[in-house]
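Let's take a friendly walk through this entry, from the DNA side inward. Keep the viewer open as you read.

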Amino acid sequence: MLKTFTQKVRAVVARIPRGEVRSYGEVAKLAGNKNGARAVGSIMRANHDPNFPCHRVICSNGKVGGFNLGKEEKIRKLRSEGAKISGDKII
DNA sequence: CGTATGACGTGCA
DNA sequence: GTGCACGCCATAC
């Protein structure tokens with residue numbers, strides 16, 4: 001039973017289809033807090049699960065945002081899944 | 001409980 | 001497009 005914001009966020013991010021991306025704000029909204037974009041970032045940063053697709057969460061402006069292993073690695077993963085990226089921005 | 005920090009978002013110059 | 005200030009939320013101490 002998902003009741004905490006963190007758990008909901010994890011569930012939402014886990015549902016993101018391969019090759020697709022979702023902004024922190026969108027995830028936060030789907031999780032219940034439309035203004036919890038920053039909280040989502042904190043949760044993602046705290047998560048260390050390599051099996052968790054936290055790399056599919058980007059900024060609302062199209063930027064890839066950040067990543068524990070470096071944004072370059074994040075971009076590489078997204079590209080591997082079929083996402084279109086120009087520089088550090090999603091197309 | 002209060003403060004500081006951070007993988008954000010929006011508005012404005 | 002770029003840079004800065006403010007607001008928002010979760011977590012660590």
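The report below covers the DNA contacts, one helix, the nonpolar cores and two loop residues.

## A note on the model

Please keep in mind that this is a predicted model. The distances and accessibilities quoted here are therefore values computed from a prediction.

## Meeting the DNA

A good place to start is DNA strand B, which has 16 residues around it. Those that come nearest are Arg-38, Ser-42, Met-44, Arg-45 and Ser-60. Of the strand's atoms that come within 4 Å of the protein, 43% belong to sugar and phosphate. By class, this protein surface is made up of 7 polar, 6 nonpolar and 3 charged residues.

Two helices, α2 (24-31) and α3 (37-46), each supply at least two residues of the surface near DNA strand B. The most comes from α3, which gives 6 residues.

Three atom pairs are worth picking out in your viewer. A polar side-chain atom of Arg-38 lies 2.4 Å from a base nitrogen of DNA strand B. Met-44 also has a base nitrogen of DNA strand B as its partner, but here a backbone N or O atom is involved, at 2.8 Å. For Gly-25, a backbone N or O atom lies 3.5 Å from a phosphate oxygen of DNA strand B.

## The two faces of α3

Which residues of α3 are buried? They are Val-40, Ile-43 and Met-44. Seen down the axis of α3, the buried residues fall within an arc of 100°, so they line one face of the helix. On the face turned away from this buried side sit the exposed residues Arg-38, Arg-45 and Ala-46.

What do the buried residues of α3 pack against? Their partners are α1 (5-14), α2 and β2 (57-58). Met-44 is a nice residue to follow here: it is buried in α3, and it is also among the residues that come nearest to DNA strand B.

## Inside the cores

In soluble globular proteins, nonpolar side chains tend to be buried together. Here, the largest nonpolar core has 15 residues. Those with the most contacts inside this core are Phe-5, Val-9, Val-13, Val-27, Val-40, Met-44 and Val-57. Helices α1, α2 and α3 each supply at least two of the core's residues. Apart from this core lies another, of 7 residues, including Val-64, Ile-75, Ala-83 and Ile-90.

Val-27 gives a closer view of the largest core, being one of the residues with the most contacts inside it. Leaving aside neighbours within four places in sequence, Val-27 is in contact with Val-9, Val-12, Val-13, Arg-22, Val-40 and Val-57.

## Two residues in loops

His-55 is found in the loop between α3 and β2. Is this residue buried or exposed? With a relative accessible area of 7%, His-55 is buried. Its side chain makes a polar contact with the side chain of Glu-81, at 3.1 Å. Once neighbours within four places in sequence are left aside, the contacts of His-55 are Phe-67, Lys-74, Lys-77, Leu-78 and Glu-81.

Asn-61 belongs to the loop between β2 and α4 (71-80). At 52% relative accessibility, Asn-61 counts as exposed. The side chain of Asn-61 reaches the backbone nitrogen of Lys-63 at 3.3 Å. Farther along the sequence, Lys-89 is 28 residues from Asn-61, and their C-alpha atoms are 8.3 Å apart in space.

Methods: Residues are numbered from 1 along each chain as its sequence is written. Chains are lettered from A and ligands numbered from 1 in the order in which they are written. This is a predicted model: local features need pLDDT of at least 70, side-chain atom pairs count only at pLDDT 80 or more; totals for chains, interfaces and linings use all residues. Side-chain values use heavy atoms; hydrogens and water are left out. A residue is near a molecule or strand if one of its heavy atoms lies within 4 Å of it. A polar contact is a pair of N or O atoms within 3.5 Å; within protein, one must be able to donate a hydrogen and the other to accept it, and residues adjacent in sequence count only if both atoms are side-chain atoms. Helices (H or I, at least four residues) and strands (E, at least two) are DSSP runs, numbered from the N terminus. Ala, Val, Leu, Ile, Met, Phe, Trp, Tyr, Cys and Pro count as nonpolar, Asp, Glu, Lys and Arg as charged, and the others, Gly among them, as polar. Buried means under 20% relative accessible area, exposed over 50%, partly exposed in between (1.4 Å probe, protein chains only). The arc is that of the directions from the helix axis to the C-beta atoms. Contact means heavy atoms within 4.5 Å. A nonpolar core is a set of buried Ala, Val, Leu, Ile, Met, Phe, Trp, Tyr and Cys residues joined through side-chain atoms within 4.5 Å.
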